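Thanks for making time this morning. I would like to walk through a few local details of one model, and I will ask you to keep the structure open while I talk.

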Amino acid sequence: MPTIKISRAELFYELRGQGPTMCHLHGGTVGRSHFALLSPILAERFQVLDFDLRGVGDSASDPMPDSLSDWAEDTVELLDALGIDRVSLHGSSAGGLVALEFAAKYPQRIDHLIVSCIHARQDDADRLRRCIRAALTDASDPEALLAWYKFMFFSRGYLETAQAGDAIALLHRMAETMQAAHLRTPSGGPRTDVDMSAVLERIALPTLVIAGSQDITIPFNGGPSGIGPTEMARRLRGQIAVVDAGHLALIERPHEVAEIITCWIDGAPFRHSNEITRVHARDEQQSDRK
């Protein structure tokens, strides 16, 4: 297995394809499997870098860090060790929060910023969701917890397809790695219920926000107290693409997501763009208020 030693960890990584580098940051304890269906498609156009964040998957020899910032610093160390100067950075779910941290600290290392299925500040409904998840975790009922994740992460239609079996197997692995990671990391790892609104203000990069139209974990329009994908795109002066999928849109719709990312980077229109994309900018919002 290809691994590389950085200052605080030994990270497992994979490089595939040729061209400009696309670096992926996975969600939580899912590991690089989060991009297992998307990366081979993007590798037809990019050099794709997938790796397991410190404390997760095959990079689990070291405990998870305590902050998202630590994961961002691990990422820049990995890029330095591999001799990669600039990347298009794509973070999904919790990895999207790491991508925002990275973009705020190291904008000179990014050509394009892509975040999918994340919000920058939780709303009241998300606080309730976290309470339910914590209760299920504390109850030590793995079947109930797995059922919860299936319900929260996938759209109803996808759950009834033949492809859902492989995706559910991924959730099994995620549950196993989560338990192992928490045994090594008493703090539970980085908090993901943080307010990233100040971080958004420090980012001035071309940004694409991808959201699932059926994502009940991170809906594209959250409650007023939160900053969901739609509001994130507005604050970042970016573009939002809404895909017909749940929270793990990269698994449900990998070809559609790959097409959206590639077209956006190329400056080309998306297929069915009138249906799945909208542009939000601060200036437009301000002019609407006048």
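Arg-237 is partly exposed, its relative accessible area being 48%, and I should say at once that this is a predicted model. If you look for Arg-237 along the chain, you will find it in the loop that runs between α9, residues 229-235, and β8, residues 239-243. What draws my attention there is the backbone, since the phi of Arg-237 is positive, near 55 degrees, in a residue other than glycine. As background, most residues other than glycine have a negative phi.

Where else does a residue that is not a glycine have a positive phi of about 55 degrees? Ser-93 is such a residue, and its place is in the loop between β5, residues 87-92, and α3, residues 94-105.

Let me turn now to a pair of helices. In general, two packed helices are described by the angle between their axes and by the distance between those axes. For helix α4, residues 124-138, and helix α5, residues 142-153, the axes come within 9 Å and cross at roughly 155 degrees. Because the cut-off for roughly antiparallel is an angle over 145 degrees, α4 counts as roughly antiparallel to α5. The crossing in which α4 passes α5 is left-handed. On the α4 side the contact is made by Arg-129, Ile-132, Arg-133, Leu-136 and Thr-137, while α5 contributes Ala-144, Leu-145, Trp-148, Tyr-149 and Met-152. Sorted by class, this contact of α4 with α5 has 7 nonpolar residues, 1 polar residue and 2 charged residues.

Note on methods. Residues are numbered from 1 along each chain as its sequence is written. This is a predicted model: local features need pLDDT of at least 70, side-chain atom pairs count only at pLDDT 80 or more; totals for chains, interfaces and linings use all residues. Side-chain values use heavy atoms; hydrogens and water are left out. Axes are lines fitted to C-alpha atoms, for helices over the stretch in contact, and angles run from 0 to 180 degrees between N-to-C directions. Helices (H or I, at least four residues) and strands (E, at least two) are DSSP runs, numbered from the N terminus. Angles under 35 degrees count as roughly parallel, over 145 as roughly antiparallel, 65 to 115 as roughly perpendicular and the rest as oblique. A crossing is left-handed if the near helix is turned anticlockwise from the far one by less than a right angle, and right-handed if clockwise. Contact means heavy atoms within 4.5 Å. Ala, Val, Leu, Ile, Met, Phe, Trp, Tyr, Cys and Pro count as nonpolar, Asp, Glu, Lys and Arg as charged, and the others, Gly among them, as polar. Buried means under 20% relative accessible area, exposed over 50%, partly exposed in between (1.4 Å probe, protein chains only).
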